[in-house]
Amino acid sequence: MELIEKIKSKKSHIGIIGLGYVGLPLVIEFCKAGFQVTGFDIDQEKVTLLSQGKSYIKHIDSSRITDAGSRFTPTTDFSMLSAMDCIIICVPTPLNKYREPDMSYVFNTTKTIARNLRKGQLIVLESTTYPGTTDEDMRPMLEESGLKAGEDFYLAFSPEREDPNNKGFSTRTIPKVVGGYTNNCLTVAQALYDSVVVKTVPVSSTRVAEATKLLENIYRSVNIAMVNELKMLFDRMGIDVWEVIEAAKTKPFGFQAFYPGPGLGGHCIPIDPFYLTWKAREYEFSTRFIELAGEINTNMPYYVVQKTVEALNEKGKSIKGAKILILGLSYKKI
């Protein structure tokens with residue numbers, strides 16, 4: 001296939017939409033590998049800073065932007081999408097006020113791509129979402145251009161696996177799951193990611209790839225909820241949950257440590273599981289583990305407040321008017 005040859009020879013032009021904590025590291029890796037990369041974002045301030053060689057993400061040093069040099073062009077001009085050979089979508093997928101998926105960023109981006117779509121392009125979604133987004137929702141929007149997925153253009157899903165500020169893993173060293181709409185779509189998408197990551201993990205469909213990302217974060221959400229619940233129980237029983245976890249960690253198999261906290265933070269765990277909960281309703285299925293985990297984790301801040309009130313009462317003080325110093329309340333170590 002012509003596009004695979006262009007990818008292998010580093011002659012394909014890469015377009016990355018969304019220059020946040022997922023998109024910007026991808027820009028850096030593709031530039032480092034020798035590709036020409038255009039970064040698209042609706043935020044003019046971000047584009048201006050990047051044009052000046054400045055980073056706005058704490059764990060990404062500005063030197064990594066300047067190292068990309070002339071290989072990187074940031075822009076707000078989405079008409080340039082037609083000149084791209086491969087387009088990677090890294091836009092937000094938040095929840096709305098009803099805790100339902102807000103797909104406006106993904107769908108609006110898809111419609112913009114459709115207006116600029118041409119034969120031979122590869123479109124990859126990386127944003128975390130529910131199974132079926134790529135083939136059920138995005139594909140018809142893209143095919144409104146008159147082009148057919150798997151025949152005229154390639155379509156794939158490859159979930160982001162960024163762990164910001166984790167010095168042990170980077171975009172390049174984290175294995176990349178890739179699912180294509182057709183076998184040819186998978187082959188092209190895998191060739192693209194093989195050029196910048198140490199290992200790709202091909203799966204049978206875009207839905208499997210979408211579900212893989214959800215499983216990863218649901219696994220964490222459910223286990224965090226479990227240990228949060230045990231924390232509250234052990235507190236009543238006069239048992240130190242931290243000592244229990246440290247003792248359990250000595251088992252060399254069948255146990256992975258999770259730790260209690262005041263609630264969930266970050267971009268993923270408080271949000272992603274509910275994408276599957278929402279989609280499950282279409283199949284008349286109740287995701288009880290996910291919903292229970294969400295209930296427990298959401299209530300943890302109230303538990304912390306209650307413990308604070310009890311601690312003040314022990315000192316003969318009321319919560320009203322009290323001065324409280326909070327130390328170390330963060331999603332992860334900085």
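Visitor: Among contacts between residues at least 6 apart in sequence, how many join residues at least 24 apart?
Guide: In this predicted model, 72% of those contacts in the protein chain do.

Visitor: And how many helices and strands are there?
Guide: The chain has 11 helices and 8 strands. Its C-alpha atoms fill a box of roughly 75 × 50 × 40 Å along the principal axes.

Visitor: What share of the residues counts as buried?
Guide: 45% of the 334 residues.

Visitor: OK, on to the inside. Which residues touch the most other members in the largest nonpolar core?
Guide: I14, I16, F30, V37, I88 and L122, out of 41 residues in that core.

Visitor: Which elements give two or more residues to this core?
Guide: On the helix side, α1 (2-8), α2, α4 (62-68) and α7 (183-194). The strands are β1 (13-17), β4 (86-89), β5 (122-125) and β6 (154-157).

Visitor: Which of them gives the largest share?
Guide: That's α7, with 7 residues.

Visitor: Let's pick I88. What does I88 touch, leaving out residues up to four places away in sequence?
Guide: I88 touches I14, G15, I16 and I17, plus L26 and F30. Further along the chain, I88 also touches V124, E126, L192 and Y193.

Visitor: What lies apart from the largest core?
Guide: Another core, of 34 residues, with I17, I87, L95 and F274 among them. As a general point, nonpolar side chains in soluble globular proteins tend to be buried together.

Visitor: F30 came up twice. What about its helix, α2: how many of the residues are buried?
Guide: 9 of the 10 residues in α2 (residues 23-32) are buried, so the helix is largely enclosed by the rest of the structure.

Visitor: Which ones are buried?
Guide: G23, L24, P25, L26, V27, I28, E29, F30 and C31.

Visitor: And what follows α2?
Guide: G34 does, with a positive phi near 105 degrees.

Visitor: Which residues other than glycine have a positive phi?
Guide: K10 is one of them, at about 65 degrees, and R99 is another, near 60 degrees. For background, most residues other than glycine have a negative phi.

Visitor: Where do K10 and R99 sit?
Guide: K10 is in the loop between α1 and β1, while R99 lies in the loop between β4 and α5.

Visitor: Why does K10 count as partly exposed?
Guide: Because its relative accessibility is 33%, and the partly exposed range runs between 20% and 50%. R99 counts as partly exposed too, because its value is 41%.

Visitor: Changing topic: at what angle do α5 and α6 pack?
Guide: At about 40 degrees, with the axes of α5 (residues 104-116) and α6 (residues 133-143) 8 Å apart. The two are therefore oblique to each other.

Visitor: Is the crossing right-handed or left-handed?
Guide: Right-handed.

Visitor: Which residues make the contact?
Guide: From α5 it's V106, F107, T110, K111, I113 and A114. From α6 it's T133, D137, M138, M141 and L142. They divide into 7 nonpolar, 2 polar and 2 charged.

Visitor: How do α6 and α8 pack?
Guide: Helix α8 (residues 206-237) packs with α6 at an angle of about 120 degrees, their axes 8 Å apart. T133, T134, D135 and E136 of α6 meet T206, R207 and E210 of α8.

Visitor: How do those residues divide?
Guide: There are no nonpolar residues in that contact, with 3 polar and 4 charged.

Terms used: Residues numbered from 1 in each chain as written. Predicted model: local features only at pLDDT ≥ 70, side-chain atom pairs only at ≥ 80, totals over all residues. Heavy atoms only, no water. Axes fitted to C-alpha atoms, helices over the stretch in contact; angles between N-to-C directions. Helix = DSSP H or I, 4+ residues; strand = E, 2+ residues; numbered from the N terminus. Parallel < 35°, antiparallel > 145°, perpendicular 65-115°, else oblique. Left-handed = near helix turned anticlockwise from the far one by under 90°. Contact = heavy atoms within 4.5 Å. Nonpolar A, V, L, I, M, F, W, Y, C, P; charged D, E, K, R; others polar. Buried < 20%, exposed > 50% of the residue type's maximum accessible area, 1.4 Å probe, protein only. Core = buried A, V, L, I, M, F, W, Y, C linked by side-chain atoms within 4.5 Å.
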